[in-house]
Amino acid sequence: MKFISFGSGSSGNCYILQQGDSTIVVDVGIGIRTFKRYCNVYGIPAVKANAILVTHDHTDHVKAVGAVSREYNIPVFTSEEVHRGMDYNRFMSKKVPPALKRILSNNSPITIGEFTITSIPVPHDSSGNNGYIIEGGGTTLCIITDAGRRTPEIEYCVENADYLVIEANYDMAMLATGPYPAYLKQRIRSGNGHLCNDETAALLAEKLTERTKHVWLCHLSEENNNPQIALRTINEQLEERLPLLHANLKIEALRRRIPSQMYELD
Ligand SMILES: [Zn+2]
Ligand SMILES: [Zn+2]
């Protein structure tokens with residue numbers, strides 16, 4: 001399986017997975033021109049994509065879902081609630097054509113090309129939010145973003161992922177002393193907001209197994225976090241609590257506006 005991030009965070013999220021001739025796009029929160037440019041640069045034929053999976057209907061995840069779906073005739077898979085949320089989102093100017101809407105139910109695996117996809121519920125203040133367990137070629141990659149709190153389903157993903165993309169949105173001290181108004185700080189900290197570095201560190205330290213080879217931290221806040229602090233918090237906890245596992249684990253923070261390299265997962 002191949003994995004690349006085209007962007008991660010409130011300025012736009014978009015991930016691509018490839019397995020054999022099958023391609024899956026997860027969220028298109030970046031603009032369609034940027035999406036096309038990155039597809040060209042990395043040799044990804046968007047026209048051949050089998051599916052767009054959508055986590056939730058916030059604009060940083062869906063801005064160009066309708067536009068890309070229309071342009072390349074790609075079906076869009078997500079829950080009924082998230083489809084409805086996209087229809088109402090006025091910042092998503094091009095809508096998903098009804099003929100390209102596909103409804104995904106949680107915890108019911110489906111086959112898309114060479115992938116098997118299972119969606120799980122993730123708590124967040126949107127019209128629903130899905131995490132994705134994506135299997136292809138014997139490898140499992142899980143994507144958990146915009147998670148207000150951990151749940152048994154999220155813990156299951158951490159325990160069973162060969163590769164894991166998980167949110168580390170904010171540093172508690174930076175959020176507390178940062179410029180956001182009180183109501184927004186409260187929203188971010190709530191059980192329907194985002195995971196902070198310490199929460200993600202504790203979750204990983206409790207649930208990771210030797211199965212996991214690589215963890216990518218995603219959706220880092222620009223104002224309330226930075227890659228150095230997020231990585232330090234998580235590395236320190238893992239080193240202390242799971243020293244052997246930590247020694248063999250790769251951990252990286254995905255960049256907000258710059259594509260990652262194309263990773264080959266085995
Ligand atoms: Zn988001
Ligand atoms: Zn969100």
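**Entry 1: Asp146**

I started with aspartate 146, which sits in the loop between strand 10 (139-144) and helix 5 (152-160). Worth noting up front: I am working from a predicted model. The backbone caught my eye, since aspartate 146 is no glycine and still has a positive phi of about 55°. I then checked accessibility: aspartate 146 comes out at 1%, and under 20% counts as buried, so I put this residue down as buried. What does aspartate 146 bridge? I found that aspartate 146 bridges two zinc ions, ligand 1 and ligand 2, which lie 3.4 Å apart.

**Entry 2: zinc ion, ligand 1**

Next I listed the donors around the zinc ion (ligand 1): Asp60 (OD), His61 (NE2), Asp146 (OD) and His219 (NE2), at 2.1 to 2.3 Å. Along the sequence I read their spacing as D-H-x84-D-x72-H. I also looked up where two of these residues sit: aspartate 60 belongs to helix 2 (residues 59-62), while histidine 219 is in the loop between strand 12 (214-218) and helix 9 (227-241). That pair is 159 residues apart and links distant parts of the chain. The angles among the 4 donor atoms run from 90 to 165°, and I logged the site of the zinc ion (ligand 1) as irregular. Why not tetrahedral? That label needs all angles between 85 and 135 degrees, and the range at ligand 1 goes up to 165°.

I went back to histidine 219 for its backbone. Its phi is near 60°, again a positive value in a residue other than glycine. Is histidine 219 buried or exposed? I got a relative accessible area of 4%, so histidine 219 is buried. Aspartate 60 is buried too, at 13% relative accessibility.

**Entry 3: zinc ion, ligand 2**

Which residues coordinate the zinc ion (ligand 2)? I wrote down His56 (NE2), His58 (ND1), His124 (NE2) and Asp146 (OD), at 2.2 to 2.4 Å. The sequence spacing of these donors is H-x1-H-x65-H-x21-D. This site is irregular as well, with angles of 90 to 172° among its 4 donor atoms.

I compared accessibility for two of the histidines. Histidine 56 is at 0% and counts as buried, whereas histidine 58 has a relative accessible area of 21% and is partly exposed. The line for buried is drawn at under 20%, so histidine 58 misses that label.

**Entry 4: the record and the fold**

I looked up the UniProt record: an unreviewed entry lists residues 11-194 as "domain: Metallo-beta-lactamase". Over residues 11-194 I get 29% helix and 26% strand, with the end C-alpha atoms 15 Å apart.

Then I traced a sheet. It is open, has 7 strands in the order 6-5-4-3-2-1-14, and its pairing is mixed. Which strands are at the edges? They are strand 6 (101-103) and strand 14 (263-264), each pairing on one side only. Further in, I followed strand 2 (residues 14-19) and strand 3 (residues 22-26), which pair in the antiparallel sense over 5 bridges. Within that pairing, isoleucine 16 has valine 25 of strand 3 as its bridge partner.

Last, I checked two helices against the strands. Helix 1 (residues 32-41) lies across strand 1 (2-7), strand 2 and strand 3, at about 145° to strand 1. Helix 4 (residues 80-88) lies across strand 5 (76-78) and strand 6, and I noted about 120° to strand 5.

Key
Residues numbered from 1 in each chain as written. Chains lettered and ligands numbered in written order. Predicted model: local features only at pLDDT ≥ 70, side-chain atom pairs only at ≥ 80, totals over all residues. Heavy atoms only, no water. Donors = N, O, S within 2.8 Å, 3.2 Å for Na, K, Ca; no water. Tetrahedral: all angles 85-135°; square planar, octahedral: opposite > 155°, others 65-115°. Buried < 20%, exposed > 50% of the residue type's maximum accessible area, 1.4 Å probe, protein only. UniProt positions renumbered as here; feature names shortened; annotations may be inferred. Helix = DSSP H or I, 4+ residues; strand = E, 2+ residues; numbered from the N terminus. Pairing = 2+ DSSP bridges. Contact = heavy atoms within 4.5 Å. Axes fitted to C-alpha atoms, helices over the stretch in contact; angles between N-to-C directions.
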